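This report describes selected features of a predicted model. The topics are a strand and its partners, a pocket, and one loop residue.

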Amino acid sequence: MMKSLPSRFAFATRLRRGLLAASLAVLVAAQVAGCSDGADNTLADPADSLRLNQLQYLGTHNSYHIEPPQEVFDLLLAFIPDVAPTLLYSHPPLMEQFENQGIRQIELDIFHDPDGGLYADRQARTLFEEPAASGIPELDEPGLKVLHVQEIDYETTCYTFVSCLQQVKLWSDMNPRHLPIMVLVEAKDEPIPDPLDLGFAVPLPFDRAALDQIDVEIRSVFDSDQLLVPDDVRGDAATLEQAILTTGWPTLAQARGKVLFALDNGGSKRDLYVEGHPSLQGRVLFVDSPVGTPEAAFMKRNDPRGNPGEIESLVSQGYLVRTRADADTNESRTNDTSRRDIALATGAQYISTDYQVPDPRFGSYQVSIPGGGVARCNPVNPGQCTDAIDLGR
């Protein structure tokens, strides 16, 4: 019976390639037409004196994600009926998100694969009398891989961390005065149940070498002058936290066209990443560290309703905060905008969503920056930002 089920693997691959090609075509056409913001601008821009934390930006959650093929979803629904529906969301290629949807914060989940090939097979495909081998050359290469959950939720618009970052760099190079882009990176190594004994891949732990590899792969794609790293923000201050609480974050004049990275993980992974790097000296990623620690600068607060007033307080003091407007497809299915509205009102600089455009299967739920721009003046800590200032792209 399973053999007769239609496979969407080939279709998803064609769709992924088609979307990426279409995104490139749009970008090249814009460049030829002179529509990009890459042209030299010799006039002073009043927005450039603002600091990057004095704005509010739109982000996407699991920005690489494509929902599972129908036959895999049906299987998941039978085994994990509470979890499967939460996987029904998809995003277009990263460059399309930047160009057409105004996204300035993305999230990438990564798995350690130093020898290559650990995630090249999809064992669940054998249940449909198909080969487990994906046939995707990138997955055989050594390096960090991008996916949501090994073996069961593996569809993605870019298979490797480097290939995802190359998309970010390509768009950034074509739009050198863009507002800074934040990339949130989650290091994943949790095994999952294998109830049918199919031989699911067991993730390798993110030890020190694996965490170091994150920095290595980022620097392999971006030149130093394209990155905004903790050393740039700390300057001559004693600690990174002291810098952002006194001097503050860089201005847009200093941050336009740049990309900054943050580690989504807390706990032992964060501590191991920080170890030996006081105030994140020499590191690429900012980390979610508690207030009062030397490396505290970025905070992750997924649920804006969790501790009323906390995010507003953090933003007022000068920290960067990322929160989520929705989760697990719940808000879209019920068209509940309450969490979204609270998230926007907190002043968290990065408002992450799975619905920068509505999903017509569920309804009209959508998240966008009020006013329709790529960013707006931060409602809690705007500094000298006013609605009269054109923030640009």
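Strand S8 and strand S9 (residues 350-353) run parallel and are joined by three bridges. Within this pairing, Arg324 has Ser352 of S9 as its bridge partner. S8 also pairs with strand S7 (residues 298-300), again in the parallel sense and over three bridges. Here Met299 is matched with Val321 of S8. The connection from S7 to S8 involves helix H11 (residues 310-317), and these three elements make a right-handed β-α-β unit.

The two pairings of S8 are set out below.

| Partner of S8 | Sense | Bridges |
|---|---|---|
| S7 (residues 298-300) | parallel | three |
| S9 (residues 350-353) | parallel | three |

Because five of the five residues of S8 are buried, the strand is largely enclosed by the rest of the structure. Leu320, Arg322 and Arg324 point one way from S8, whereas Val321 and Thr323 point the other way.

S8 also takes part in the largest pocket, which holds about 660 Å³ of space. The elements that give two or more residues to its lining are helix H2 (70-79), strand S2 (103-111) and strand S8 (320-324). H2 gives the most, with four residues. In total, 36 residues line the largest pocket, and Ile80, Val83, Leu87, Val149 and Ile152 lie nearest its centre. By character, the lining comprises 19 nonpolar, six polar and eleven charged residues.

Thr156 is located in the loop between strand S3 (145-146) and helix H5 (161-174). Thr156 counts as buried because its relative accessible area is 0%. A polar atom of the Thr156 side chain lies 2.8 Å from the backbone oxygen of Cys158.

Terms used
Residues numbered from 1 in each chain as written. Predicted model: local features only at pLDDT ≥ 70, side-chain atom pairs only at ≥ 80, totals over all residues. Heavy atoms only, no water. Buried < 20%, exposed > 50% of the residue type's maximum accessible area, 1.4 Å probe, protein only. Polar contact = N/O pair within 3.5 Å; in protein donor to acceptor, adjacent residues only side chain to side chain. 1 Å grid on protein atoms, 1.4 Å probe; cavity = no way out; pocket = protein on both sides within 12 Å on 5 of 7 lines; lining within 4 Å. Points joined across faces, edges and corners; volume = space filled by probe spheres on them. Nonpolar A, V, L, I, M, F, W, Y, C, P; charged D, E, K, R; others polar. Pairing = 2+ DSSP bridges. Right-handed = clockwise from strand over helix to strand, strands pointing away.
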